[in-house]
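Let's take a walk through this one together, going from the overall fold down to a few side chains. Have the viewer ready.

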Amino acid sequence: MTQVVNNFQPPHNTPSNNVDDTTTASSPHLPLRNKRILDIGCGGGLLTESLSRLGASLVVGLDASTKVVEVAKRHSFHENSMLSPSSTADSVDNEQRQQQKEGEGKIRYIGGLTVEELATNWLSKNKEEQQSSSSTSPDNNNSNNEHELFDIITALEVIEHVPNPQSLLHSASSLLKPNGILFVSTINRTLKSYSIAIVGAEYITGKVPVGTHDWNSFWSPEEVERMIVSESGSNMKQIAINGMVIEPPFINMNWSLDDTDTDVNWIGAYQKK
C-alpha cells in the first residue's frame, strides 16, 4: 500500500502547529504522514490502528456492526495499541519521536452505518462546512473541515460479504479527494479459490468457520475494475493489481504479493482522476 501511495500520490505539505515545515514531507518511518484515511469494514480495528501508526492525520474506522466497533474503541485505548515515544527504540531520533507522538489518538470509529449512509451524511456535511468557511472567511483553506474528503480508502476483504458491492464501491469512490486512492482486496472466483478458500480453509484446516465464504460472491479483478471504472462513471482508473499468495510451508501463513498470480486472493488500487 505505502509503495503505491508513494508512487501515485504526492506527499502533503501542510505543516502541523508543532512541527517545522521541513518535517512535513512523507518519511520512511511515517509513509502516510498527514493522510486522511477511511477503513471500510474495520472490524476490531487492527488495520485502522496500523494506518494511524504510519502517520495518518486521521483514520476513520467504519463498520456496519456496532458491537465490533465498541471492541475496536476499547482496544485503541490499550497501551499496546499506541506507539508512544517511551516505547520506541533508543536509536529513534527526537524528530521521529515527535512525529509518532502526534500520530496518537487520531482515530475515529463509526459503527452501525453502511458505506452508502456514511457517504450521504459525510458529503452533505462537507458541503455545509465548505460553505460556512467561504462565507466567514474567503481565504480560509478549510483546514478545520472535519468532514474533508479522504486521501486513501481501504475496503479489504469486504465486497464478497455485501449484497451490493457496486453500490459500496461507488459510495467509497465519492468520498475520495482528487488523486485519492481506493484499495480493494477480495477473492477471485476460480476453481483454485474454491479449493483453497472454501474446501481447504473451512473444511480441511478449519481456519475459518464453515459457511464464511460463498464462492458465487467472489470477484475477479476484471469484474471489480468494471464496477469501479467502466460502469460507475466515477472518474476512476486502475493503477495497480497484485495477487496475494501463501508461501510454503503453508502452516506458517506467510503471504507475499505476486503481480502474476491473482487466482485466489488479490488486491487492487484505483485512483480518482
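Start with how the chain folds back on itself: among contacts with a separation of 6 or more, 66% are between residues 24 or more positions apart. Keep in mind that this is a predicted model. Its secondary structure comes to eight helices and eight strands. The chain has 273 residues, and 42% of them count as buried. As for the surface, about 14300 Å² is exposed, with carbon and sulfur atoms supplying 51% of that.

Now for the rings. How many aromatic pairs does the structure hold? There are two. Take Trp-122 and Phe-150 to begin with: their ring centres are 5.2 Å apart and their planes meet at 35°. Planes under 30 degrees apart would count as stacked and over 60 as edge-to-face, so at 35° this pair is tilted.

Where do these two rings come from? Trp-122 belongs to helix H5, which covers residues 115-136, while Phe-150 is in strand S4, residues 150-156. The two are 28 residues apart in sequence, so the pair ties a helix to a strand. Are they buried or exposed? Trp-122 has a relative accessible area of 2%, so it is buried, and Phe-150 is buried too, at 0%.

Phe-150 has another partner worth a look. The charged end of Arg-36 sits over its ring, 5.8 Å from the centre.

Next, swing over to the pair made by Tyr-194 and Trp-215. Here the geometry is edge-to-face, with 6.4 Å from centre to centre and 85° between the planes. Tyr-194 lies in helix H7 (residues 191-204), whereas Trp-215 is in the loop between H7 and helix H8 (221-230). With their positions 21 residues apart, the pair links distant parts of the chain. What about accessibility? Tyr-194 has a relative accessible area of 40%, which means partly exposed. Trp-215 comes in at 26%, so it also counts as partly exposed.

One last stop, away from the rings: Ser-171, found in helix H6, residues 165-174. Its relative accessibility is 12%, and since buried means under 20%, Ser-171 counts as buried. What does Ser-171 touch, leaving aside its neighbours within four places in sequence? It is in contact with Val-115, Glu-116 and Ala-119. Of the helices already visited, H5 spans residues 115-136, so that is the place to look for the contacts of Ser-171 with Val-115, Glu-116 and Ala-119.

Conventions: Residues numbered from 1 in each chain as written. Predicted model: local features only at pLDDT ≥ 70, side-chain atom pairs only at ≥ 80, totals over all residues. Heavy atoms only, no water. Phe/Tyr/Trp six-rings, centres within 6.5 Å; stacked < 30°, edge-to-face > 60°. Helix = DSSP H or I, 4+ residues; strand = E, 2+ residues; numbered from the N terminus. Buried < 20%, exposed > 50% of the residue type's maximum accessible area, 1.4 Å probe, protein only. Lys NZ or Arg CZ within 6 Å of the ring centre and 35° of its normal. Contact = heavy atoms within 4.5 Å. Areas by Shrake-Rupley, 256 points an atom, 1.4 Å probe, with all protein chains shown as cover.
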